[in-house]
Every structure is written in C-alpha cells, then in structure tokens.
Amino acid sequence: MKTTLLLLMTLTGCSSAFEMKTPSGFARVEREWDQITYKGIDDVGLRVDMFGNLDGGTLDFWTHDLTSKLGARGYQLVRRQPIASSNGVAGTTFEFVVDAQVGEHKFFIVSLFVTDEYRIVMQLAGDESLRTAYWSRNEEFANNLRIRGCHAFRSVCRGPTTTSSSTPRAAGAHSHY
Amino acid sequence: MTPPVAESRILAIKPAELLVAPSSDSQENVGVSLAGTTGADSEYTVEGASVSSPSVGTASRPPPLDQRLSEKRVLAQHLAGPEREDVRAPVEVPENEPVDPARVVLYAGSLQLAVFDVAQAKQTIEDALEVAGGYVQRMEGNSMVLRIPAPKFRPVIDELSTMGRVDYFGIESLDVTEEYEDLQTRIEVLRRTHSQLLELLDQAATVEEALEVRKQLDAVTLELERALGRQRWLDSRQALSTLALVLTERGIDGDLPSSNDPFPWVDSIGLEATLWR
C-alpha cells in the first residue's frame with residue numbers, strides 16, 4: 001500500500017502527506033517520505049507517521065482501532081481532546097497511562113489526524129515526570145504540522161471526533177486523573 | 001567426578017508456595033525446604049506474562065525454541081552440577097550436623113526481560129543482588145547467571161520482574177534428597193574407615209605393612225574428599241538458588257504483537273517506536 005501511495009505521490013508531484021516544522025527544543029533525527037522523528041533535549045521522542053487511509057476510514061473508525069489495540073497492549077486511555085493541524089485538519093489527542101510492565105514509568109501521547117487519503121499519527125513519549133509539560137505543549141506541535149490529502153466536498157478532514165472513551169482497561173490499571 | 005543425575009519430576013504447586021524460606025536456625029544448612037509439598041521436583045513456567053500477575057502481558061511471545069533450549073541447558077548445567085567447585089560463595093557445612101532429613105531441593109529459575117535500557121537494568125540487578133546477599137556468577141553479553149540466597153529467591157524475581165516486560169519466566173526444582181542421604185552415609189563410612197586405617201598405620205610393624213596401609217589410606221582420603229566436595233556443592237546450590245536471566249532490548253525491530261488483523265498499523269505505534277535512550 002505504501003508503495004502505491006509513494007507512486008501516486010510521485011506522479012502527482014506531492015513530496016509528502018505532511019510537513020512538520022521542527023519544534024523548539026527538538027532536533028530532527030530522521031526524515032522519510034512517510035515518517036519523521038525528533039529527539040528532545042530531555043530525551044523525549046516526537047514522531048510523526050503517515051499511513052494510507054481506506055475507503056470508509058473516518059476519524060471515529062481509526063480512533064476505535066487505535067485505542068482498543070493499544071488498550072490490549074497495556075496502554076490505558078485516560079484523556080482525550082480534539083485537536084487540529086496548522087491547516088485545520090481535525091484530529092484527536094489521546095493521553096495514555098502505560099502499565100509498569102509495558103512502560104517503565106513513561107508517558108505516551110498520541111494525536112491522530114485523518115484525511116481522505118491519509119492517517120497521520122503524531123506520537124510523544126518520555127519520562128513520566130515530563131507528562132504534564134508535554135501534554136500542554138501538544139497543541140504547539142500540532143500547530144507545526146501541516147497535513148495534505150483532503151478532498152473537496154468530503155467531510156473526513158473535518159471530523160467529527162467522538163467524546164466517549166472505549167479503551168479496554170488493563171487488569172489492575174487505574175487512572176491518574 | 002560426574003555427579004549422579006537426580007530424578008526429575010513435575011510438582012503441582014502454586015507460585016506462592018515455592019521457595020518457602022527456611023527457619024533462621026536451619027538456614028545455613030537447609031537453604032530451601034518445602035514442608036508440605038509432594039516431594040517431587042517442579043517446573044513452573046509462565047510465558048509472556050507478569051510474574052506477579054500472569055494475566056498481564058498477553059501480547060508477548062515466548063522466546064524462540066533455540067533460546068529456550070539454551071536456557072534449559074543453562075538450568076540443567078546448574079542443577080546437575082559442574083565438575084568444578086563454586087569457590088566464590090562456599091557454604092560451610094558444620095561437620096556431623098545433619099541436614100534437614102525431610103527434603104533437599106535445589107531451585108533454578110529462568111527469566112527473560114525486555115527493557116528499554118539494558119545497561120541501566122544490569123546496574124539495577126546488581127544493586128538488587130547486593131541487597132539480597134547474592135551475586136552475579138556469570139555475565140555474558142545480555143545473559144546473566146545470578147546466585148540468590150534461597151529465602152530471597154522469589155522476592156528478587158518479583159523485584160526484577162518490575163523492571164520491564166516479562167517475556168518468559170520459569171522455575172525448576174531438583175530433589176536431591178536421596179543423593180544427599182547416600183552421600184552422608186558414604187561420608188560416615190569413609191570417615192570410620194579412615195580412622196581405622198590410621199590406627200592400622202600406627203600398628204604397622206614393617207615398612208611394607210605401613211606402605212600397604214598408607215596406599216589404602218590415600219585412596220579412602222581421596223574418596224572422602226570427593227564426597228565432601230559434592231556435599232559442599234549441593235549445600236551451596238541449596239543455599240543459593242540460580243537464576244538465568246536474559247535481557248533483551250525493547251525496540252521497534254523486536255517482536256510485535258500480531259494477529260489476523262487486517263489493519264496492523266497500530267503494531268508500529270507505541271513507546272518502542274517513539275522513545276529515545
């Protein structure tokens with residue numbers, strides 16, 4: 001699928017499904033056509049990945065897929081909020097508490113944006129002590145992100161975002177909030 | 001000397017019943033004694049699960065077969081006993097003091113942990129061992145063989161298991177009661193023979209007689225030393241349990257959860273993909 005997308009993007013002259021301006025305090029480690037990674041001075045990782053969207057794939061659909069699968073792996077969803085990229089593509093940010101077996105006291109924040117053509121996932125991870133600071137910076141990172149792939153007269157890029165939390169709770173897990 | 005291979009059996013015991021700490025007055029000699037168990041050896045294995053909470057961690061896969069075979073070999077080596085003496089932590093056994101006649105059981109465990117920072121994990125392990133009174137017997141790359149005082153065996157495993165994702169965990173026991181009792185009897189007989197030969201040596205009237213007795217005495221002394229050496233080795237293994245520990249580095253290139261999921265994109269999302277070290 002990625003090969004097809006790459007071919008399509010080459011033919012249409014698109015260089016990438018997204019552009020990211022390097023946030024302050026971060027240095028870019030790697031840039032590929034479908035992925036970009038940054039490292040913070042405090043070892044926080046910031047990563048943006050692009051996946052192709054499928055017919056029928058909405059923000060709600062991929063939200064459920066993402067949170068349920070991460071939940072099964074020990075990532076407990078504790079908070080979510082709507083977010084938008086710098087060019088107005090609707091998304092949702094998810095904050096996870098990771099059980100000790102999986103996370104070794106790390107925070108994990110994911111923002112998901114869905115356009116007609118792509119799913120863009122922005123991940124943030126680092127030491128637990130930095131959780132609050134980076135949750136509040138997440139909007140700043142989204143403002144550095146420009147996402148392509150929206151078609152005219154279609155609604156995928158505009159959301160909507162769901163409000164209910166459906167992450168399966170890991171056994172013994174509890175919320176910090 | 002090739003140590004006799006003790007019989008290996010399966011014991012149905014709960015994890016919490018494993019490795020009951022011996023009473024303080026018998027700790028030096030007994031190490032581990034499981035009063036109330038069935039008298040057989042045990043194998044307790046949890047794959048892809050938390051030690052303290054086996055229901056957690058179902059996303060993990062068991063290690064590859066060759067790795068498990070390798071771990072089994074390490075365990076078998078430690079349970080059957082090497083030729084050499086373990087000189088780093090010898091356990092002195094007061095002579096003529098009988099060991100708990102009920103059970104003599106050796107324990108060995110195997111633990112595979114996936115951690116983000118292997119170097120830091122090694123340091124934490126060494127610190128935990130120091131507190132518990134154990135030591136690292138061998139370290140080879142990311143594989144370690146730990147010796148842990150038997151009463152602290154389970155608590156140390158529980159502590160280490162919180163350091164990362166438990167990919168494999170197993171405990172094996174070996175009941176050497178029969179061998180130990182035989183050994184004690186043999187030592188007793190050899191000591192008596194040794195004393196008698198010493199008396200005969202004193203009574204020897206000629207050089208030829210003295211040389212003949214001396215030859216017998218040397219043979220008995222050698223056999224006695226071998227038996228005592230084996231007894232010391234068993235005591236050491238009983239007092240200090242063995243844990244074969246393998247650390248693996250967590251990362252995006254490692255095993256990922258898989259299924260017949262038509263949308264496996266989430267497999268590549270997570271801490272492993274994002275964190276830096």
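A polar contact here is a pair of N or O atoms within 3.5 Å; within protein, one of the two must be able to donate a hydrogen and the other to accept it, and neighbours in sequence count only through side-chain atoms on both sides. Keep that in mind for the first stop. One caveat before you click: this is a predicted model.

**Stop 1: the A/B interface**

Colour by chain and zoom to where chain A meets chain B. The rule picks out eight residue pairs in polar contact across this interface, both partners at pLDDT 80 or more. Now look for salt bridges between the two chains: the count is zero. Contact itself involves 37 residues of chain A and 30 residues of chain B. Together the two chains bury about 2,600 Å² between them, and carbon and sulfur atoms give 63% of that area.

Which elements of chain A should you select on this side? Those giving two or more residues to it are strand 3 (35-40), strand 4 (45-52), helix 2 (59-72), helix 3 (100-103), strand 7 (106-114) and strand 8 (118-127). Recolour that face by residue class and you get 21 nonpolar, six polar and ten charged residues.

**Stop 2: chain A on its own**

Hide chain B and switch to cartoon. Chain A has four helices and nine strands. Walk along the sequence and they come up as α-β-β-β-β-α-β-β-α-β-β-α-β. Of the 177 residues in this chain, 53% count as buried. Take the contacts between residues at least 6 apart in sequence: 61% of them join residues at least 24 apart. If you turn on the surface, chain A has about 8,000 Å² accessible, with 54% belonging to carbon and sulfur atoms.

**Stop 3: a loop residue with positive phi**

Select A:Asp43, in the loop between strand 3 and strand 4 of chain A. What is the backbone doing here? Phi of A:Asp43 is near 70 degrees, a positive value in a residue other than glycine. As for cover, A:Asp43 is partly exposed, at a relative accessible area of 32%.

**Stop 4: salt bridges in chain A**

Over all chains, the count comes to 17 salt bridges. Start with A:Arg79 and A:Glu95, whose closest N and O atoms are 2.8 Å apart. A:Arg79 sits in strand 5 (residues 75-84) and A:Glu95 in strand 6 (residues 90-98), so this pair ties together parts of chain A that are 16 residues apart in sequence.

Buried or exposed: where does A:Glu95 fall? With 0% relative accessibility, A:Glu95 counts as buried. A:Arg79, on the other hand, is partly exposed at 30%. Now add A:Glu128 and A:Arg131 to your selection: these two are linked with A:Arg79 and A:Glu95 in a network of salt bridges.

Next, pick A:Asp127 and A:Lys106, whose side chains meet in a salt bridge at 3.1 Å, N to O. A:Asp127 belongs to strand 8 and A:Lys106 to strand 7, so the pair ties together parts of chain A that are 21 residues apart in sequence. Both of these strands were on your interface list from the first stop. A:Asp127 is partly exposed, with a relative accessible area of 39%, while A:Lys106 counts as buried at 16%.

**Stop 5: over to chain B**

Bring chain B back and hide chain A. This chain has seven helices and six strands. From the N terminus on, the order is α-β-α-β-α-β-β-α-β-α-α-β-α. Of the 277 residues, 48% count as buried. Among contacts with a separation of 6 or more, residues 24 or more positions apart account for 82%. Chain B exposes about 13,900 Å², with carbon and sulfur atoms supplying 53%.

**Stop 6: strand 5 of chain B**

Select residues 165-175, which make up strand 5, and find B:Gly170 there. At 5% relative accessibility, B:Gly170 is buried. Measure to B:Ala244 in your viewer: the two are 74 residues apart in sequence and 9.7 Å apart, C-alpha to C-alpha.

Then go to B:Asp175, which forms a salt bridge with B:Arg103, the closest N and O atoms being 3.3 Å apart. B:Asp175 lies in strand 5 and B:Arg103 in the loop between helix 2 (65-80) and strand 2 (105-115), so the pair ties together parts of chain B that are 72 residues apart in sequence. Both partners are buried.

**Last stop: helix 7 of chain B**

Finish at B:Ala273, in helix 7 (residues 271-274). B:Ala273 is buried, with a relative accessible area of 11%. From B:Ala273 to B:Arg250 the C-alpha distance is 9.4 Å, with their positions 23 residues apart in sequence numbering.

Note on methods
Residues numbered from 1 in each chain as written. Chains lettered and ligands numbered in written order. Heavy atoms only, no water. Contact = heavy atoms within 4.5 Å. Buried area = accessible area lost by both parts, 1.4 Å probe. Salt bridge = Lys/Arg side-chain N within 4 Å of Asp/Glu carboxyl O. Nonpolar A, V, L, I, M, F, W, Y, C, P; charged D, E, K, R; others polar. Buried < 20%, exposed > 50% of the residue type's maximum accessible area, 1.4 Å probe, protein only. Areas by Shrake-Rupley, 256 points an atom, 1.4 Å probe, with all protein chains shown as cover.
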